[in-house]
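User: I would like a close look at one strand and its partners, followed by how the rest of the chain is put together. Please keep it plain.

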Amino acid sequence: MDFDIEKLQTLLDGAVASGEEDSCQLAIYKSGRLAVDIYAGKNCRSNTLFPVYSVSKGLTSTLAHILYEEGRLDFEAPVSEYWPEFGCNGKENIKVWHIFSHRAGLWQMPLIDKFADQADWQKMVEYMQNATPEDPGGKCHYHGITFGWLAGEVIARAGKKSFRELFREKIAAPLQITDEWFFGTDNDAETRLILPKSISYANFCDWRTVFIENPAIRSACIPSANGIGSARAVARVYAALSGNGVDGVRLLKDETIKLATQSRRASFDPLPEGIASWAHFGLGWALAGTPENPGAIFGHGGAMGAEGFAVPELELAVGFTKNKYNTTHPVHPLRDRISEALNLKIRHW
């Protein structure tokens with residue numbers, strides 16, 4: 001598979017020049033090799049960092065699968081086997097896979113005194129363990145923010161270390177992305193960070209801007225939504241899931257990926273039509289392949305339009321970041337044009 005880097009760069013430059021985008025990055029790995037590493041926008045470089053919101057969920061899920069391979073996490077086990085305090089108020093029969101397929105019935109956000117309370121891991125974990133679910137194990141309902149505390153605490157309990165320690169040990173350090181991916185920024189990361197550029201008008205307040213512009217949120221660990229990184233780091237994680245991996249690092253076995261990319265949507269809960277059809281989950285990863293083979297493309301998109309995904313059959317991995325609010329989300333025209341140029345199925349997630 002050859003890449004027309006000049007054409008791809010023209011797409012990014014054109015979107016920025018027209019005002020459609022402000023800054024963006026595109027990174028593509030092919031068979032473990034970084035084949036495309038381009039960017040556009042003022043003060044944007046390859047190592048510039050972007051808030052990528054729910055792209056975080058894909059990397060969080062990758063960590064869970066690593067623990068599964070190590071025999072430390074069983075997706076079929078009750079959550080309470082790892083997190084005993086969770087087994088109350090109708091949550092006794094919720095299994096780990098229910099969390100990772102967004103079927104735990106715990107999508108409701110905690111009632112908090114101030115926005116920055118979301119940065120308090122223990123406070124949010126205690127809220128989730130005392131919460132009462134709605135339709136646990138039933139229909140898919142996207143756990144936009146709560147996924148982070150639910151999945152993150154299960155991972156921490158199973159791995160017997162903090163989520164952040166486990167992510168660094170199992171993914172960031174082996175792949176050498178400790179300076180390009182953060183669940184909680186440090187001072188150096190803050191100097192390389194491009195914040196969202198939002199559309200503002202009367203009586204409008206976009207949660208994405210309010211969320212990530214809060215320093216307490218950026219420095220916290222919220223594995224569902226506050227990941228900050230480069231397109232190159234995101235692509236590198238997905239590149240390590242096929243072929244020979246990256247620089248000798250292969251994170252998961254083929255059989256694990258096959259298990260993780262089987263549809264977990266209930267038979268009584270068919271995919272809706274239109275843009276809502278993006279919510280097709282395996283175990284943590286969103287599935288974007290064909291109806292016959294949904295796991296042929298898997299990964300996760302983010303609320304500002306970033307994405308990361310893998311196409312194992314092609315040994316292809318893509319990371320894309322951007323920072324401008326788009327009123328058509330989850331449809332992002334630049335992202336679609338890139339997909340057309342790569343001859344890939346368009347994803348609206």
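Which residue stands opposite Phe309 in S8?

Analyst: Gly299 stands opposite Phe309. This is a predicted model, in which local features need pLDDT of at least 70 and side-chain atom pairs count only at pLDDT 80 or more, while totals for chains, interfaces and linings use all residues. Residues are numbered from 1 along each chain as its sequence is written, and side-chain values use heavy atoms, with hydrogens and water left out.

Strand S8 covers residues 307-311 (helices, H or I, of at least four residues and strands, E, of at least two are DSSP runs, numbered from the N terminus). Five of its five residues are buried, so S8 is mostly covered (buried is under 20% relative accessible area, exposed over 50% and partly exposed in between, with a 1.4 Å probe and protein chains only). Glu307, Phe309 and Val311 point one way from the strand, Gly308 and Ala310 point the other way, and all of them are buried.

S8 has a partner on the S7 side and another in S9. With strand S7 (residues 298-301) it pairs in the antiparallel sense over four bridges (two strands pair if DSSP finds at least two bridges between them). Strands of a sheet pair through backbone hydrogen bonds, either parallel or antiparallel. The hairpin of S7 and S8 has five residues between the strands, and Gly305 there takes a positive phi near 110 degrees. Strand S9 (residues 316-322) is joined to S8 by five bridges, again antiparallel. In S9, Val318 is the bridge partner of Phe309. Four residues lie between S8 and S9 in their hairpin, and Glu315 in that turn has a positive phi of about 50 degrees.

Elsewhere in the chain, an open sheet is formed by three strands in the order S3-S5-S4, with antiparallel pairing. Strand S3 (50-53) and strand S4 (181-182) are at the edges with a single partner strand each, so one side of each has no neighbour in the sheet. S3 and strand S5 (residues 227-229) are paired over three bridges, and Pro51 has Ile228 of S5 as its bridge partner. Helix H2 (residues 55-69) lies across S3, S4 and S5 and runs at about 70 degrees to S3 (axes are lines fitted to C-alpha atoms, for helices over the stretch in contact, and angles run from 0 to 180 degrees between N-to-C directions).

Helix H6 (residues 163-172) contains Lys170. Lys170 counts as buried because its relative accessibility is 15%. Its side chain makes a polar contact of 2.8 Å with the side chain of Glu70 (a pair of N or O atoms within 3.5 Å; within protein, one must be able to donate a hydrogen and the other to accept it, and residues adjacent in sequence count only if both atoms are side-chain atoms). Not counting residues up to four places away in sequence, Lys170 touches Leu63, Ile66, Leu67, Glu70, Arg72 and Leu251 (contact means heavy atoms within 4.5 Å). Arg164 is also found in H6, but counts as partly exposed because its relative accessibility is 38%.

Leu251 and Phe100 have the most contacts inside the largest nonpolar core, which has 86 residues (a set of buried Ala, Val, Leu, Ile, Met, Phe, Trp, Tyr and Cys residues joined through side-chain atoms within 4.5 Å). A second, separate core of 29 residues includes Cys24, Val36, Phe281 and Phe320.

The buried residues of helix H4 (residues 121-130) are Trp121, Met124, Val125, Met128 and Gln129. They are on the same side of H4 because they cover an arc of only 135 degrees around the axis (taken from the directions from the helix axis to the C-beta atoms). These residues pack against helix H5 (146-159) and H6. Asp120 caps the N-terminal end of H4, with a side-chain oxygen 3.3 Å from the backbone nitrogen of Gln122.

Trp83, in the loop between H2 and helix H3 (96-100), counts as buried because its relative accessibility is 0%. Its side chain makes a polar contact of 2.8 Å with the side chain of Gln129. Leaving out residues up to four places away in sequence, the residues Trp83 touches include Val125, Met128, Trp149 and Arg157.
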